[in-house]
Number of protein chains: 2
Amino acid sequence: MNEKMLNLGNNRSIIRELFEFSKTQKEKLGADKVYDFTIGNPSVPPHKKVNKTLVKLLNENDPCFIHGYTSAQGDLDVRTKIAKNLNKRFGTKYDASMLYMTCGAAASLCIAFRAITEEPTDEIFAIAPYFTEYKVFVESAGATFKVVPPEVKTFGINFSALEKMVNKNTKAIIVNSPNNPSGVVYSHEAIKILAEFLTKKEKEFGHPIFIICDEPYREIVYDGLEVPHIPSYYHNTIICYSYSKCLSLPGERIGYILVPESVTDSKNIYLACLGAGRAYGYVCAPSIFQKLIAECVNLTSDMCEYAKNRDLLYNGLTKIGYECVYPQGAFYLFMKSPEDDSYKFMEKAKKYNIVLVPSDNFGVKGYVRLAYCVSSDTIINSMPAWQELFNEYQSE
Amino acid sequence: MNEKMLNLGNNRSIIRELFEFSKTQKEKLGADKVYDFTIGNPSVPPHKKVNKTLVKLLNENDPCFIHGYTSAQGDLDVRTKIAKNLNKRFGTKYDASMLYMTCGAAASLCIAFRAITEEPTDEIFAIAPYFTEYKVFVESAGATFKVVPPEVKTFGINFSALEKMVNKNTKAIIVNSPNNPSGVVYSHEAIKILAEFLTKKEKEFGHPIFIICDEPYREIVYDGLEVPHIPSYYHNTIICYSYSKCLSLPGERIGYILVPESVTDSKNIYLACLGAGRAYGYVCAPSIFQKLIAECVNLTSDMCEYAKNRDLLYNGLTKIGYECVYPQGAFYLFMKSPEDDSYKFMEKAKKYNIVLVPSDNFGVKGYVRLAYCVSSDTIINSMPAWQELFNEYQSE
């Protein structure tokens, strides 16, 4: 048996452990008495047209077509419609040949990492705080995972650290904005600086350095904020996208990889992605969900619910006295732990049936992540518990 | 970029090339004038209850539940129902903890290969003729792929060759029965001999040698034939299953891995599978299709259509004078090429708009594979073309 795989299967993530704690407490005390902020499972239902379209697809089409294999890169119609949608939004000239339909963002990332790396010395960077599974995905592609330390307080990109780290083995940097877990959206200015820096480094080392955009939260932003479309800033950008969050379909596994024409040797990078997908056993993305996306490419779930939750949680916590990063997007709030050890804080919070994730899991110490894709009532009802938890620290 | 992945993406399989030829000819001559036997895409629609159940699931449930993440190993309810169904059919004592829901057979195999191998010297065997992608899956797991040469004419298991090949590095042997491409079902007797042989070799080398059953065609068998349930013969059997063929859902990517309790260190093998799934970016199997399987675990598509096609094709071809292996299961017929070079035969067949796959792609020389998951009319109408093709050889 493979020991590495056993460890991966065995080491249940802390999020899952907390989920079990929460489940047990809910059974004991009642669901409304436990304030679980651990899981990033969309709480807002899909747009009404989503299920209507699925029913229509099932009722009005040859079932052998609807449920049949598509080509490995995905149904031509859905890829064409996605390209058109992107072109309309970002003024780009994408076409179907640049898009590869995948089983969600995790698949997109695993495939992209495998496609662009060859040697164990090849490095892929994540910017802290970062989504924990990046490490697993990069290492399983046989490459080296490196973490750019956080820009504490703002949680933008720590350029002075990045500058020291990029070297001849650097193949890619993952950019996840809106960010899980910080809720931060990297500014146009930051992306511009990053693009200029990487262009310089590409020239210095004589090979491409890719930006891998992991952007399942692109559509979940607040206050009319615009998320920079990174390929418009930097030629060697590969997009890994998922419909999990914007259409509230996390369990259905549907997303894509976009390799724009501006990418160095783009046709071959695209083919290497197809090859990596084949090597990992991804035959095609779920067929009916491909056909759904073709019909719903303009839609998102109702984001107002998340905006309302963001305000309820941020305002409630800061009013009590907690120090929080103001979330610009996604459905996570990053909060400073009242004591340095965020695990100890997590344990104390459990006593008040507040369940949260220590930031250590995301490459940052002394913070916690709160997923506010929950009912607004959960947030409102949790406030007295947050107050008591806060008081415990004041009286120390 | 990764050159291996580029090659995998670039080397479109011959099946895909033939598909393109067929498409072009159909556009030129009309679909009814081209006899395409290349693709294993089920032609029989799913059982009527399948789409009805999907509509019901969509209409009667919380969409956040239906489309939400399940646990990585799959929804407990579906795993429980599958275990019960298997126990009823095979007199076993499986339970949910032994089942891991996957995105189809290709995912199941990739994950299992990665879970049970550790060193590049670890060997996984396939028995010729075999499904081409096995080589890709084994090698991408970092292990060595070896082929047991065919038992020509019967296409059972070549035990004398196998006996010479098994060595201290042998970790597993893939058993695909009903077989793609031969249509052969390995007999109870053959499985018994295989089990005894591997038990002996396990003792000799002091480590497990797994049978990996790839059995998406289990339910597609004819003449009331019974496919041996291999875990009942051999303790170290891992099942990789898919609902693609039996429920005609190939594009939806739903299947499972079963690690019976009889497997050495079964709990850890199961966990290593979970770990390998995580490492390849498989978050969960498509949620609504898991819930569908829970409701349709007893169903299959109507297999009579395939049985009818089998008879039409086998009887038609043998009457003309072709030498064919009598298909016992799956929807493939293995036919001897009238000349040694099956590629040359393939080219000659194209002149009559008959499209077929040379057996070289499956590790056997001098045969071709015909996929008869087509309309019966295609088979009936193809007969004059088969006759003309046959005549061409007689007049040489």
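Which residue in β7(A) is the bridge partner of A:Ile212? The partner is A:Ile238, and there's plenty more to meet in this predicted model, where local features need pLDDT of at least 70, side-chain atom pairs count only at pLDDT 80 or more, and totals for chains, interfaces and linings use all residues. Residues are numbered from 1 along each chain as its sequence is written, chains are lettered from A and ligands numbered from 1 in the order in which they are written, and side-chain values use heavy atoms, with hydrogens and water left out. Helices (H or I, at least four residues) and strands (E, at least two) are DSSP runs, numbered from the N terminus.

**The two copies**

- Chain B lands on chain A after a rotation of 180° with 0.0 Å of shift along its axis, at an RMSD of 0.0 Å; the fit is by least squares on the C-alpha atoms of residues with pLDDT of at least 70 in both copies.
- The two copies are thus related as by a two-fold rotation axis.
- Both copies use the same surface: 100% of the contact residues of chain B recur in chain A, where contact means heavy atoms within 4.5 Å.

**Helix α3 of chain B**

- With 13 residues (48-60), α3(B) should span 18 Å at 1.5 Å a residue, and its end C-alpha atoms are indeed 18 Å apart; the expected span is 1.5 Å times one less than the number of residues.
- Its buried residues are B:Val50, B:Asn51, B:Thr53, B:Leu54, B:Val55, B:Leu57 and B:Leu58. Buried means under 20% relative accessible area, exposed over 50% and partly exposed in between (1.4 Å probe, protein chains only).
- Those buried residues pack against α3 (48-60) and α4 (63-66) of chain A, and also against α4 (63-66) and α11 (287-296) of chain B.

**The sheet of chain B**

- Seven strands make an open sheet with mixed pairing, in the order β2-β8-β7-β6-β5-β3-β4; two strands pair if DSSP finds at least two bridges between them.
- β2 (99-102) and β4 stand at the edges with a single partner strand each, so one side of each has no neighbour in the sheet.
- β7 (residues 237-242) and β8 (residues 255-258) run antiparallel and are joined by four bridges, with B:Tyr241 opposite B:Tyr256.

**Strand β3 of chain B**

- Five of the five residues of β3(B) (123-127) are buried, so the strand is largely enclosed by the rest of the structure.
- B:Glu123, B:Phe125 and B:Ile127 are on one side, B:Ile124 and B:Ala126 on the other.
- β3(B) runs parallel to β4(B) (residues 144-148) over five bridges, and B:Ile124 has B:Phe145 as its bridge partner there.
- β3(B) also pairs in the parallel sense with β5(B) (residues 170-175) over four bridges; in β5(B), the partner of B:Ile124 is B:Ala172.

**Strand β6 of chain A**

- Five of the five residues of β6(A) (210-214) are buried, so this strand too is largely enclosed by the rest of the structure.
- A:Phe210, A:Ile212 and A:Asp214 point one way, while A:Ile211 and A:Cys213 point the other way.
- Four bridges join β5(A) (residues 170-175) to β6(A) in parallel, and A:Ala172 stands opposite A:Phe210.
- β6(A) runs parallel to β7(A) (residues 237-242) as well, again over four bridges.
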